[in-house]
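Hi there,

Here is the structure I promised to pass on to you. Please open it first, and then read my notes below.

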Amino acid sequence: MAVVTRELDDLVELSDFAWERLRNRLAGLTEEEYRWEPVADCWTVRPSGDGTFMADGRASTYRSDGEPDPFTTLPWRLHHITHVLGIPRNARWLDRPDPRAVTEPAGTAADALARLADAYAAWRTVLTGVSAEVLERPMGNVARPYEKSTGRAFVLHVLDELIHHAAEVALLRDLYAARETSM
């Protein structure tokens, strides 16, 4: 049991480290930067016409048809990370109560950062309460098509999403900062 407890502690530690790195990297995000579309025809977050906002495309850029993935903006990436961390399936698949987070796309930088923080808090609540049994066993029918994956594999998947999309957000911020010096 001590090994599994240490394993959960390690997963929480990695999650917190990735979150803090992203949160620190987002310090000073401006509205202009949030709305920047560096290329034509990119996926972003746009007004839906009724006071809410919609993300272009779908929740994932994964394409199985061989076509290249669309370019996605900072708001789209922040929405994706928020969605991955705050989606109710995390709690359901890991046999935890759903702490509920707002995962709809945000229209402003400040709202996006608040929703992202709320989603991370929800994720952390789920993660810190996962039992050793849930980490070790396949998730079952509730997690179709990942029913044979263990809770541990799913936690690692969520952490992979957080880490690699946070790196993309950091790159977009770097490109935004460098846009004037490269012209």
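Let me start with a small puzzle: is aspartate 95 buried or exposed? Aspartate 95 counts as exposed, because its relative accessibility is 54%. For these words, buried means under 20% relative accessible area, exposed means over 50%, and partly exposed is in between, with a 1.4 Å probe and protein chains only.

Before you go further, please keep in mind that this is a predicted model, in which local features need pLDDT of at least 70 and side-chain atom pairs count only at pLDDT 80 or more, while totals for chains, interfaces and linings use all residues. Residues are numbered from 1 along each chain as its sequence is written, and side-chain values use heavy atoms, with hydrogens and water left out.

**The whole chain**

The protein chain has seven helices and two strands. Helices (H or I, at least four residues) and strands (E, at least two) are DSSP runs, numbered from the N terminus. If you walk along the sequence, you meet them in the pattern α-α-β-β-α-α-α-α-α.

The C-alpha trace spans about 55 × 35 × 35 Å along its principal axes. The radius of gyration of the protein chain is 17 Å, which agrees with the value near 16 Å for a compact globule with 183 residues. That radius is taken over C-alpha atoms, and the globule rule is 2.2 Å times the number of residues to the power 0.38.

Of the 183 residues, 40% count as buried. Among contacts with a separation of 6 or more, 68% are between residues 24 or more positions apart; contact means heavy atoms within 4.5 Å. The chain exposes about 9900 Å², and carbon and sulfur atoms supply 55% of that area. Accessible areas come from the Shrake-Rupley method with a 1.4 Å probe, and for residues only the protein chains shown count as cover.

As for charge, there are 21 positive and 29 negative side chains, and the centres of the two sets lie 3 Å apart. Lys and Arg count as positive and Asp and Glu as negative, while His and the chain ends are not counted. Each charge is placed at NZ of Lys, CZ of Arg, CG of Asp or CD of Glu.

**Aromatic rings**

Rings of Phe, Tyr and Trp (its six-membered ring) pair if their centres lie within 6.5 Å; planes under 30 degrees apart count as stacked, over 60 as edge-to-face and the rest as tilted. By this rule there are five aromatic pairs. One of them is stacked: tryptophan 19 and tyrosine 120, at 4.8 Å centre to centre and with 5 degrees between the planes. Tryptophan 19 is in helix H1 (residues 2-25) and tyrosine 120 in helix H5 (residues 109-128), so this pair ties together parts that are 101 residues apart in sequence. Tryptophan 19 is buried, with a relative accessible area of 8%, and tyrosine 120 is also buried, at 4%.

Next come tryptophan 93 and tyrosine 146, whose ring centres are 5.8 Å apart and whose planes meet at 55 degrees, so the pair is tilted. This pair also links distant parts of the chain, 53 residues apart: tryptophan 93 is in helix H4 (residues 89-93), and tyrosine 146 is in the loop between helix H6 (132-136) and H7. Tryptophan 93 is buried at 7% relative accessibility, whereas tyrosine 146 is partly exposed at 42%. Trp93, Tyr146 and Phe154 form one aromatic cluster.

**Backbone details**

Most residues other than glycine have a negative phi, and most peptide bonds are trans. Here are some places to check against that. Aspartate 95, from the opening puzzle, has a positive phi of about 55 degrees although it is not a glycine, and it sits in the loop between H4 and H5. Arginine 100 lies in the loop between H4 and H5, has a positive phi near 55 degrees and is exposed, with a relative accessible area of 58%. The peptide bond from arginine 144 to proline 145 is cis, with omega near 0 degrees, and proline 145 lies in the loop between H6 and H7.

**Two buried helix residues**

Histidine 79 lies in helix H3 (residues 74-86) and is buried at 14%. Leaving aside neighbours within four places in sequence, histidine 79 is in contact with Val45, Ala55, Thr103, Glu104 and Pro105. Alanine 170, in helix H7 (residues 151-178), is buried at 14% relative accessibility. Its C-alpha atom is 7.9 Å from that of leucine 26, although the two residues are 144 residues apart along the chain.

Enjoy exploring!
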